[in-house]
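Please work through the exercises below with the sequence and the structure open beside you. Try each task before you read its solution.

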Amino acid sequence: MKNILCGAVAAIALVAAAAPASAQTNQRHYAGTDSATINLGFLGTYNTPAPYEITNPQPGFLGYNFGQLLGEAGVVLQLGTRYRAVADAPADSETATPTVNVVFTLSGSVNKDCSFYSGNNAGARNIDFGVIGIRTGNNENVNNAFEMVGPATANIDTLTAGCNFNNEVEITKDSASGLVNTTASGYDTVQFQNNIPYSVNASWTGVALNAVTAGSAQNLNVSTTDLSGLKQQGAWRSRMDIDIVAPAVTSKGLVAGDYSGTTTLTLRAL
């Protein structure tokens, strides 16, 4: 039998298994050239063939490994030989994970902010109509004397305005009467008045409250008789134009003096 190496070189291959795992080596081989009668006790006797080979015998009837018993008997009786190869290594410390998913949670925050560029100093926000013209000609009809010649208007625009969150735009006058003359002077209330009503209209590009869409034209108007106005909307940034119009007072004359009023524009993140 050429399986029994004599005067030859046997090369032993050592292999460490990668995934998937394979069974560890457990080899038991028997071979012999002579036959014999082997007494297996209460199992009786067995006549071995010649020559014989027994490869990796396994337990059989009643759990007895007859092949191994015969092979070992052949060794004891010096009728054959045996080859064993057993390898062992500890298993993985934990269940192997060929694929690992690691989730990184990124976080940060952005502060709510509203911006409105209104010039570099307070003077930029003082809107002076100058002299508001009235009819002063001595040839005017008495029903037209001292009335405004025409409307007073002002336009304010800024290229930088907006809020980066749901917000509201609010316009508030300090008086629904508009520009008020606080100069001490008596007057006929049927023929004169000491206030000039005005309207305020702001326009910009924005979106409705909570809307996620492209911006469109928006506006907020406070009429000549209103004290304030408010509009809620989503985040926006754009140019804003503010138009102030004081229609000509033609039903009564204006009492002489200084007329003043304040209008407050508020951008408020919600």
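**Exercise 1: A pair of strands**

The bridge partner of histidine 29 in strand 4 is threonine 55. The model you are looking at is predicted, and the tasks that follow should be read with that in mind.

Task: Find how many bridges join strand 1 to strand 4, and work out which side chains of strand 4 are buried.

Solution: Begin with the pairing, where strand 1 (residues 26–32) and strand 4 run antiparallel and are joined by four bridges. Next, follow strand 4 through residues 52–55, where the side chains alternate between two faces. Tyr52 and Ile54 point to one face and are buried, whereas Glu53 and Thr55 point to the other and are not.

**Exercise 2: The open sheet**

Task: State the order of the five strands in the open sheet, and explain why one side of strand 6 and of strand 13 is left without a neighbour there.

Solution: First write down the order, which is 6-7-15-12-13, with antiparallel pairing. Then look at the edges, where strand 6 (114–116) and strand 13 each have a single partner strand, so that one side of each lacks a neighbour in the sheet. On average, neighbouring strands of this sheet are turned by 20° against each other when direction is ignored. Finally, examine one pairing inside the order: ten bridges join strand 7 to strand 15, and alanine 154 stands opposite isoleucine 244 in strand 15.

**Exercise 3: Two tryptophans**

Task: Classify the aromatic pair formed by tryptophan 204 and tryptophan 236, and decide whether each of these residues is buried or exposed.

Solution: A search of the whole structure finds two aromatic pairs. In the one formed by tryptophan 204 and tryptophan 236, the ring centres are 5.6 Å apart and the planes stand at 35° to each other. Planes under 30 degrees apart would count as stacked and those over 60 as edge-to-face, so the remaining angles count as tilted, and this pair is tilted. The two residues come from distant parts of the chain, tryptophan 204 from strand 12 (residues 199–206) and tryptophan 236 from strand 15 (residues 236–246), 32 residues apart. For the second part, recall that buried means under 20% relative accessible area. Tryptophan 204 has 4% and is therefore buried, and tryptophan 236, with 5%, is buried as well.

**Exercise 4: The largest nonpolar core**

Task: Find which residues have the most contacts inside the largest nonpolar core, and which strand supplies the largest share of this core.

Solution: The largest nonpolar core has 25 residues, and those with the most contacts inside it are Val169, Ile196, Trp204, Trp236 and Met240. Strands 7, 8, 12, 13 and 15 each supply at least two of its residues, and the largest share, five residues, comes from strand 15. Another core, of seven residues, lies apart from it and includes Tyr30, Ile38, Ile54 and Leu70. To see one member of the largest core in its surroundings, take methionine 240, whose contacts beyond four places in sequence include Phe116, Ile156, Val169, Trp204 and Leu267.

**Exercise 5: Buried or exposed?**

Task: Decide whether asparagine 126 and glutamine 193 are buried or exposed.

Solution: Asparagine 126 is found in the loop between strand 6 and strand 7, and its relative accessibility is 58%, so this residue counts as exposed. Glutamine 193 belongs to strand 10 (residues 192–193), and at 14% relative accessibility this glutamine counts as buried. Beyond four places in sequence, glutamine 193 is in contact with residues including Tyr187, Val249, Leu254 and Tyr259.

Notes:
Residues numbered from 1 in each chain as written. Predicted model: local features only at pLDDT ≥ 70, side-chain atom pairs only at ≥ 80, totals over all residues. Heavy atoms only, no water. Phe/Tyr/Trp six-rings, centres within 6.5 Å; stacked < 30°, edge-to-face > 60°. Buried < 20%, exposed > 50% of the residue type's maximum accessible area, 1.4 Å probe, protein only. Core = buried A, V, L, I, M, F, W, Y, C linked by side-chain atoms within 4.5 Å. Contact = heavy atoms within 4.5 Å. Pairing = 2+ DSSP bridges. Axes fitted to C-alpha atoms, helices over the stretch in contact; angles between N-to-C directions.
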